[in-house]
Amino acid sequence: MDNILDMSSAYSSKDAAAAAVALLERHPTATSVAIADPQDPGAALAAGDLVLGVGVGPAGAPELLASARSGAAAAVLLRRPATAGEQAALERLAAAEQVSLSWLDAEHGWNELHRQLLRRLAPASIRADDELAELAQTIATLTGGLVTIEDTSARVLAYSRSSDEVDELRRLSILGRSGPSQYLALLREWGVYDRLASSEEVVEIAEHPEFGVRRRLAVGVFAGDRQLGVIWLQQGSGDFEPHAEQALLGAARITAAQLVSRGRRPVSSGTELADLLGAGLGEGPAGGAVPPGLPARLGRVARQPCAVAVVELGAQARDAATAGSQLEDLVAILTVHAAAYRRAALVEQFQGRVYLLLPALDSVTPATAMLRRAMTAVRRHLDPAARAAIGPRVDSALAAAHSRRGAELALGVAGTDAVVGFDTARPQLLITAVENCLAEQGHLLDPRISALIADDPDGAWTLLNYLEAGSDVGQVATQMHLHPTTIRYRLRRATQAAGIDQSGGRDRFAMHVQLRCGLRPESSAG
């Protein structure tokens with residue numbers, strides 16, 4: 001059955017936008033978009049409606065055209081019939097009814113065109129605006145389900161793209177822009193609405209094949225104690241993703257911010273967070289001064305310990321438009337996870353990276369676990385080479401720039417792990433700092449060790465591994481795939497040739513540092 005949920009053939013966003021503009025130019029009196037009910041094509045229509053005949057074939061078209069005339073609809077859009085004869089007959093009928101008629105070609109689907117028309121025509125109170133529709137699609141991607149966002153009157157505000165996996169409840173809700181009354185009564189009878197109205201609890205609704213209802217998860221959307229709506233997650237052909245409930249909770253918190261202030265992002269303004277983190281200024285906010293005001297979203301948790309994480313994509317986009325789109329997708333995924341973890345979390349992208357401010361932390365361990373879950377989704381759905389780092393915990397948001405610098409330093413450490421913590425990266429960062437210092441202060445180097453590295457690299461590597469293994473010859477032998485006797489021989493040869501004494505603690509440390517800095521780890525000898 002041809003319906004708005006069929007994505008087997010669909011416009012791209014660009015093509016659909018162009019088609020929507022062309023339709024509205026062709027039918028300038030259109031002021032709203034409506035979807036015909038294929039079961040009742042003669043249902044009343046309103047003046048100015050641009051009517052999409054989703055699922056209405058040649059048999060139901062005459063009744064729909066008559067309804068369009070009586071309701072003074074602006075135009076009707078039908079799927080182009082299979083034969084030229086059927087098309088000509090419907091065009092003659094439309095002319096007789098004095099109804100403007102346009103056609104949707106067979107290779108195109110309804111879904112994206114409908115979304116583009118809604119952006120331009122639907123009333124603000126029920127418009128699936130860009131950000132809410134994108135959020136619905138993001139949460140569908142992260143959960144492996146089909147998403148519908150409704151207000152407290154069960155009016156559909158936004159929904160994700162779907163396929164043939166859609167059940168009867170979802171189909172009727174989207175086609176009618178509201179949940180069908182018989183199903184709403186059934187949900188009330190089961191006590192679902194009472195549970196959704198009482199807390200942020202994620203509610204599971206079992207599958208009921210006898211009613212055409214598949215398994216669902218749902219969560220209420222709240223602003224304080226006031227419920228603003230519900231997010232429904234229908235199970236498709238497969239099971240939900242493992243962290244679907246947590247992602248759904250994060251989506252509810254983001255949706256609340258969007259419904260309270262339509263058209264504004266549910267994160268900081270970007271300028272506030274950039275100022276707080278001292279983005280691009282090396283030493284924090286201009287002149288090292290404390291920002292004049294903390295982002296209001298933080299509230300009282302601004303004075304509690306926090307940490308900053310930074311995420312960047314690994315692959316280079318082909319063009320600026322693609323890069324911008326990928327960053328927006330990255331922000332959406334990270335925002336859902338961060339909001340589920342901390343309601344007051346801030347997420348913004350600037351300078352080609354995405355930054356997260358994670359407040360109210362007892363330690364960075366749980367925040368790191370959340371970041372790992374988020375990066376699993378990012379690598380699966382967006383970029384398998386994306387990486388993230390989390391900085392040290394600081395006393396309050398006023399010290400967030402310090403945590404940001406730690407996160408950026410950790411991200412600069414080479415590796416393939418999806419997430420690296422500053423504490424984990426600290427030893428390598430310290431070694432790098434010493435290496436840089438020694439590169440600038442070459443006169444501090446012991447010439448005997450420099451000669452050992454140049455003349456006997458095998459001996460130098462053996463000595464370095466020995467020092468880093470805590471003088472455990474057996475461990476070094478295993479590491480270098482050599483016999484312990486060979487290791488001892490190399491150690492005697494190296495120390496005697498260079499005249500090095502390992503007994504003194506300071507001398508031993510200095511030797512270790514110079515060997516570590518003078519030898520390249522990627523070329524270790526055997």
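## A guided tour, starting at a salt bridge

Select glutamate 204 and arginine 215 to begin: their side chains form a salt bridge, with N and O 2.8 Å apart. Glutamate 204 sits in strand S7 and arginine 215 in the loop between S7 and S8, so this pair links distant parts of the chain, 11 residues apart. Are these two residues buried or exposed? Each falls in between: glutamate 204 is partly exposed at 43% relative accessible area, and arginine 215 is partly exposed at 23%. Keep in mind as you look around that this is a predicted model.

Next, stay with strand S7 and bring in its sheet. Strand S7 (203-205) is one of the edge strands of an open sheet of 5 strands, the other edge being strand S6 (156-159). Reading across, the order is S6-S5-S9-S8-S7, and the pairing is antiparallel. From one strand to the next, the twist averages 25°. In general, strands of a sheet pair through backbone hydrogen bonds.

Now color residues 216-223, strand S8, and residues 226-235, strand S9. How many bridges join them? There are 8, and the two strands run antiparallel. To see one of these partnerships, pick alanine 218: its bridge partner in S9 is tryptophan 232.

Move on to the helices and select arginine 69 with glutamate 97. They form a salt bridge, and their closest N and O atoms are 3.6 Å apart. Arginine 69 belongs to helix H2 (residues 61-70) and glutamate 97 to helix H3 (residues 84-97), so the salt bridge ties together parts 28 residues apart in sequence. Arginine 69 is partly exposed, with 46% relative accessibility, whereas glutamate 97 is buried, at 17%.

The next stop is helix H13 (residues 400-411), where arginine 404 and glutamate 408 are 4 residues apart, about one helical turn. Their salt bridge has its closest N and O atoms 3.2 Å apart. Arginine 404 is buried at 4% relative accessibility, while glutamate 408 is partly exposed at 22%. Add Glu312 and Arg353 to your selection: together with Arg404 and Glu408 they are linked in a network of salt bridges.

Finally, zoom out to the whole chain. It has 526 residues, of which 50% are buried, and its secondary structure comes to 19 helices and 14 strands. The salt bridges number 14. The accessible surface is about 24,200 Å², and 51% of that belongs to carbon and sulfur atoms. Among contacts with a separation of 6 or more, 65% are between residues 24 or more positions apart.

Definitions and conventions. Residues are numbered from 1 along each chain as its sequence is written. This is a predicted model: local features need pLDDT of at least 70, side-chain atom pairs count only at pLDDT 80 or more; totals for chains, interfaces and linings use all residues. Side-chain values use heavy atoms; hydrogens and water are left out. Two strands pair if DSSP finds at least two bridges between them. Axes are lines fitted to C-alpha atoms, for helices over the stretch in contact, and angles run from 0 to 180 degrees between N-to-C directions. Buried means under 20% relative accessible area, exposed over 50%, partly exposed in between (1.4 Å probe, protein chains only). Contact means heavy atoms within 4.5 Å. Accessible areas come from the Shrake-Rupley method with a 1.4 Å probe; for residues, only the protein chains shown count as cover. A salt bridge is a side-chain nitrogen of Lys or Arg within 4 Å of a carboxyl oxygen of Asp or Glu.
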